[in-house]
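Subject: Structure handover

Hello,

Here is the structure I promised to pass on. Please open it before you read the rest.

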Amino acid sequence: MPNPFFYGGPITEPQKFFGRKREFRVIFGRLSTTPPQSVSVVGERRIGRTSLLYHLTQVYSQWLTDAERYLFAYVDLQSARCHTRAGLLAKMLEALLQQARLDRRSDDGQWLTDLRERISEGEAIDLPCFGEALERIKALGYRSVICLDEFEKLTARPQEFGDDLLDSWRNMAQFGHIAFITASKVPLELLSRTGRLTSPFFNIFAQVPLGELELDEARELITQPSDRPFTQVARSEAELAWLPDDPGTLPRGAHEALRRAEEASQSVAAALESTSRYRRVMGLERARARLDELRQSLAYADQRVAGRLGPVAEGWREVINAELLRLAIEEEAAIEIPQVYIAGPPVPGEEERLFVGREDLFRTLLDLLTSPHRCPPLMLYGQRRTGKTSLLLQLPRRLGPDIVPIFVDMQGAANVEGPAGPLYNLARAIMEEARRGRRLELPPITLQELAAEPFIVFGQWLDRVEEALDDRLVLLSLDEFEKIEECIERIGTGFLDFLRHLIQHRPRFVLLLSGTHTLEEMGQRWSTYFINVQPLKVSYLKEDEARSLITNPIDDFPLNYEPAAVEHIIAATRCQPFLVQLTCQELVNHLNSQRRRNASVADVEAALEEASVRGEFHFAEIWNTADAVERQVLSAVSRWEDRPPTLGQLRRRIRLEEADLKSALVRLCRRDLLELQDEGYRFQVELVRRWWRRR
Ligand SMILES: Nc1ncnc2c1ncn2[C@@H]1O[C@H](COP(=O)(O)OP(=O)(O)OP(=O)(O)O)[C@@H](O)[C@H]1O
Ligand SMILES: [Mg+2]
């Protein structure tokens, strides 16, 4: 009997799709955007954290449209090799490189092949090498995804895997060199607190808590047959070889059963030839019906017939089921609303539609940079997740050709030894960004050249750069500038002196610092080093800008909103860009899971609920950075349901000195958490209030 299933290769354990569809939808939705977005899976062991993570690496090709571009690596942090930094980095690269197709003819291919060999010989890998490898893997067109199981093993060793490692990982993830999927028993935010880690690494993650399997998913899991390799069906021919050629001599029931099997096989063959999905599904369903009849007929057949044909029919049925399932998933994907929202990494610079607003800031910047007067140093500041980095990444498109915007992420740049390291990273960023944004080739410089007298050699290099600039102006943006503080602790104030010198004596350079602190908050040293700084604040989007992001993120976006639903998102997020993107991302997941395209206020409510779970780290960060008094105040304010409480009401509720209460309120207002309206204090963002109330 011919095996009708020889096409397209095996179906990998499709029954695993039955459970965790919701979680897969979130995870693969996030991995499919540019850059891919990271996810943290949280749940007790028995709930299947590890198996979920492992199966991601098995089934991703069925969920992602350009799956061949993805390298999925699974690393269990419990294994001894992963207890040291060098071991872990090597293990991660090894797992990724195992899957990459490397061609020695390209420079990157050659470099990575050599690296793979060096790793297999046991060579230690440090962070810069790891970063370079990821960059090169990306340059080959791959997207690297690392699944890190038992993540608590990493945060339990803050000496080995400290903030500097996490900061660099965040830097790599922000720019699409890698996406992480971590699994842990408790939320990452808690792990970072117990490990005393302060890195914002975690705030690019969405949290996916694993609850119990949903009832119908669990039922499907139970009723599904156990794993049966596809190849077993191919052996069915041999299994039937005992049958005599002459039908007359067949045992009881064999003839009828074989006829049904043959019909089933014909239906499958027809289904496979058909190009229409509908016909294919019909054909497979017909085949399944024949196989059911076959199984029923075996009840009256000779025992030998039942014994041989029963398992064969069972095996065929499973493969048909799997194929029907695959078609159903494919069909579902076809009507899905595309998941375009980015909630975590900064919006990439090339992205025009998913980045909205900030027009006033661009205008101010342009005015300052093109004015006949020397542009003062600039300070871009705002709360976490307000879009500082996203804004900086837009600058190449938004500033004229005479301004060369250079973006440097100090998270990555500052985390190296000695003064030469940060300067070399700075030089590299300047060269690369000038080339990428303005096609400008600047004179080269190497780490060796810098090593002996870093600041002097760097200064000489800048002289040459200035020559190459002609009339152009460089806007040097140092993102996460607070990292420089750590640099100073390690290597002294040389870097600050250098920056001040740049401001004072290099008119072709304008310095922009970007971070969550103002200079005053950074203390005396900073405000004496940097005087006359022009602050630029990044805060909420305007309503119209948020509306355009919600309703119109791509051309012909197939999601239709009731007008009130859009307003509900705006009211609950106050147009905080991250929260808008996160809520929309959840709304798309929610509607796709129900195969709908129209969003009502109730749908938005469901999405807001999910967003408050996914965005755990963002909310928890507010908790972590508040002091005891501020926490008390925020908790109290969050519980006032009707009218926002006045100072007097709060005083009666919280037992605090009036002066302490007042100064906490001032700080919370300044941090854009509370605001005073008609004498009452209220949360600026409703979603944040909900989180505090629930705590
Ligand atoms: N102008 C914008 N338009 C649309 N979405 C935005 C915009 N700016 C930021 N976002 C959203 O906010 C998220 C965070 O952006 P970004 O990383 O730029 O913030 P950040 O201020 O640099 O945060 P952090 O202080 O944590 O580094 C993005 O993932 C995106 O969802
Ligand atoms: Mg940032």
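Below is what I found, taken region by region.

One caution to begin with: this is a predicted model.

**The sheet with β1 to β5**

Five strands build an open sheet here. Their order is β2-β3-β4-β1-β5, and they pair in parallel. β2 and β5 (206-209) are the edge strands, each pairing on one side only. From one strand to the next, the twist averages 15°.

Look at the β3 and β4 pair. β3 covers residues 143-149 and β4 covers residues 179-184; the two run parallel and are joined by 4 bridges. C147 has I181 in β4 as its bridge partner. I181 has further contacts beyond its sequence neighbourhood: leaving out residues up to four places away, it touches I27, S38, V39, V41, L53, L56, V145 and C147.

Helix α3 (residues 85-99) lies across β2 and β3. It runs at about 145° to β2.

Now the edge strand β2, residues 70-76, where Y70 is found. Is Y70 buried, exposed or partly exposed? It counts as partly exposed, because it has 19 C-beta neighbours inside 10 Å, and a buried residue needs 20 or more. Outside the residues up to four places away in sequence, Y70 touches Y60, L64, R143 and V145. A183 is 113 residues from Y70 along the chain, and their C-alpha atoms are separated by 19 Å.

**Helix α1 and the largest core**

Helix α1 spans residues 21-31. Its buried residues are F24, V26, I27, F28, G29, R30 and L31. What do they pack against? The partners are β1 (39-42), α2 (49-63), β3, β4, β5 and α26.

The largest nonpolar core has 110 residues. The members that touch the most other members are I27, L93, I146, C147, I181 and V688. Helix α26 (residues 577-593) gives this core its largest share, 8 residues. Another core lies apart from it, with 49 residues. I403, I406, L426 and V510 are among them.

**The sheet with β6 to β10**

This is also an open sheet of 5 strands. The order is β7-β8-β9-β6-β10, with parallel pairing. β7 (403-409) and β10 (534-537) stand at the edges with a single partner strand each, so one side of each has no neighbour in the sheet. The twist averages 20° from one strand to the next.

Inside the sheet, β8 (residues 473-479) pairs with β9 (residues 509-515) over 6 bridges, in the parallel sense. L476 stands opposite L511 in β9. Helix α15 (residues 359-370) packs on this sheet, touching β7, β8, β9 and β10. Its direction makes about 160° with that of β10.

**L442**

L442 sits in the loop between α18 (420-438) and α19 (447-451). Why does L442 count as buried? It has 22 C-beta neighbours inside 10 Å, and 20 or more are needed. Setting aside residues up to four places away in sequence, L442 touches I430, M431, A434, V465 and A468. V465 is 23 residues from L442 along the chain, yet their C-alpha atoms are separated by 6.0 Å.

**Around ligand 1**

How many residues surround ligand 1? There are 26, and G387, T389, S390, P577 and Q581 come nearest. By class, the shell divides into 12 nonpolar, 10 polar and 4 charged residues. α16 (388-398) and α26 each supply at least two residues of the shell. Recall that α26 also gives the largest share of the largest core.

**The β13-β14 hairpin**

One last item. β13 (residues 674-677) and β14 (residues 680-683) run antiparallel and are joined by 4 bridges. Q677 stands opposite G680 in β14. The two strands form a hairpin with 2 residues between them. In the turn, D678 has a positive phi of about 50°.

Best wishes

Note on methods: Residues numbered from 1 in each chain as written. Chains lettered and ligands numbered in written order. Predicted model: local features only at pLDDT ≥ 70, side-chain atom pairs only at ≥ 80, totals over all residues. Pairing = 2+ DSSP bridges. Axes fitted to C-alpha atoms, helices over the stretch in contact; angles between N-to-C directions. Contact = placed C-beta atoms within 7 Å. Buried ≥ 20, exposed ≤ 12 C-beta atoms within 10 Å, placed from the backbone. Core = buried A, V, L, I, M, F, W, Y, C linked by C-beta atoms within 7 Å. Near = placed C-beta within 6 Å. Nonpolar A, V, L, I, M, F, W, Y, C, P; charged D, E, K, R; others polar.
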